[in-house]
Every structure is written in C-alpha cells, then in structure tokens.
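Fancy getting to know a new structure by working through it piece by piece? Grab a pencil, have a look, and try each task before you read its solution.

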Amino acid sequence: MSWMLLIAAGLLEVVGVIGIKLVARNNNWFNNIILIAGFISSFQLLVRAMETIPLATAYAVWTGIGTVGAAVVGMIFFKESKSWIRIGCILGIIFSVVGLKIVS
C-alpha cells in the first residue's frame, strides 16, 4: 500500500509542476489552485508512504517520478526538446528508481 501511495505522490508532484508552468504562463486562480492542490496532495501522500518506506528510498523515488513525469509532460504538451540524449537520461532515472524499489 505504501508503494501505491508513493507512486500517487510522485504523480501529484507532476500535477504541481504543471501548475507552476501554467502560473508562469497565466497567473490566475485556477492555475494557482492546480499548483497548490498538486503539491499539498503530493506531500500528504509522501508523508503517509514514509511511515513504512525508508526516507532515502521514498524521497529518491518521489523525486524520480516527479522528474521523469515533468520531463515527459514538457516534451508532450509544452514542446520541449525530445533529443535522444534527454530520453536516455530519463531512462537512466527510471532504471535507478526501479533499482531502488528492488533493493528496498
């Protein structure tokens, strides 16, 4: 259950980061609500997941999901670079996160 909470926390971090991008484009109430709700929800789930998952593992997985998610969202929705080097780095993060799950 804790791992499901951690994955959800990571995905909600991506929602918060999307909110940051939306606020940077157009600072209005709706975009600020997306930003704040995404991060508050993410932190709440992260706290619950860390009740049983070690700190270093939980934080690394949470930030890894957030980093990969933000990069993929940026490439798909915000026309950011899709270079092979960038994709290779994203795969490196994914393999590292999976490795942490395996050894935890």
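Below are some exercises on this predicted model, each with a worked solution.

**Exercise 1. Record and model**

Task: Find which residues the UniProt record marks as "transmembrane region", and work out how much helix residues 29-47 and residues 59-78 hold.

Solution: Start with the record. In an unreviewed entry, UniProt puts the feature "transmembrane region" at residues 29-47, 59-78 and 84-103.

Now turn to the model. Residues 29-47 are 100% helix and 0% strand, and the C-alpha atoms at the two ends sit 27 Å apart. For residues 59-78 the figures are 95% helix and 0% strand, with 26 Å between the end C-alpha atoms.

**Exercise 2. Follow the aromatic rings**

Task: Say how many aromatic pairs the structure holds, then describe the pair formed by F43 and W62.

Solution: First, the count: there are three aromatic pairs. Next, pick out F43 and W62, whose ring centres are 5.6 Å apart with 40° between the planes, making the pair tilted. Then look at where the partners come from: F43 belongs to helix 2 (residues 29-49) and W62 to helix 3, so this pair links distant parts of the chain, 19 residues apart.

What about cover? F43 is partly exposed at 44% relative accessible area, while W62 is buried at 6%.

W62 has another ring partner. The centres of the Y59 and W62 rings lie 5.8 Å apart and their planes meet at 40°, so this pair is tilted too. Here both residues sit in helix 3, three residues apart, which means about one helical turn separates them. Y59 counts as partly exposed, with 47% relative accessibility.

Last step: put the rings together. F39, F43, Y59 and W62 make up one aromatic cluster.

**Exercise 3. Two polar residues in helices**

Task: Decide whether S42 and T57 are buried or exposed, and list what each one touches beyond its neighbours within four places in sequence.

Solution: Take S42 to begin with. This residue lies in helix 2 and has a relative accessible area of 0%. The cut-off for buried is under 20%, so S42 is buried. Setting aside residues up to four places away in sequence, S42 touches A9, L12, E13 and W62. One of these, A9, is 33 residues from S42 in sequence, yet their C-alpha atoms are 4.2 Å apart.

Now T57. Its place is in helix 3 (residues 55-77). With a relative accessible area of 10%, T57 is buried as well. Its contacts, again without neighbours within four places, are W3, L100 and S104.

**Exercise 4. Between helix 3 and helix 4**

Task: Find the salt bridge, then look at what the backbone does at K79.

Solution: The structure holds one salt bridge. The partners are E80 and R86, and their closest N and O atoms are 3.1 Å apart. Both ends are partly exposed: E80 has a relative accessible area of 30%, and R86 has 24%.

Move on to K79, in the loop between helix 3 and helix 4. Its phi is near 55°, a positive value in a residue that isn't glycine. As for cover, K79 is exposed, with a relative accessible area of 78%.

**Exercise 5. A nonpolar patch**

Task: Identify which residues form a nonpolar patch on the surface, and check how exposed L91 is.

Solution: The patch is formed by L91, I94, F95, V98, I102 and V103, with about 610 Å² of accessible area together. Now zoom in on L91, which lies in helix 4 (residues 84-103). Its relative accessible area is 40%. Partly exposed covers values between 20% and 50%, so that is the class for L91.

**Exercise 6. Sequence gap and distance in space**

Task: Work out how far apart A37 and F78 are, in sequence and in space.

Solution: Locate A37 first: it is in helix 2, and at 36% relative accessibility A37 counts as partly exposed. Then compare it with F78. The two are 41 residues apart in sequence, and from C-alpha to C-alpha the gap in space is 21 Å.

Technical notes:
Residues numbered from 1 in each chain as written. Predicted model: local features only at pLDDT ≥ 70, side-chain atom pairs only at ≥ 80, totals over all residues. Heavy atoms only, no water. Patch = residues over 30% accessible without salt bridge, like charges linked within 9 Å, V, L, I, M, F, W, Y side chains within 5 Å. Areas by Shrake-Rupley, 256 points an atom, 1.4 Å probe, with all protein chains shown as cover. Salt bridge = Lys/Arg side-chain N within 4 Å of Asp/Glu carboxyl O. Helix = DSSP H or I, 4+ residues; strand = E, 2+ residues; numbered from the N terminus. Buried < 20%, exposed > 50% of the residue type's maximum accessible area, 1.4 Å probe, protein only. UniProt positions renumbered as here; feature names shortened; annotations may be inferred. Contact = heavy atoms within 4.5 Å. Phe/Tyr/Trp six-rings, centres within 6.5 Å; stacked < 30°, edge-to-face > 60°.
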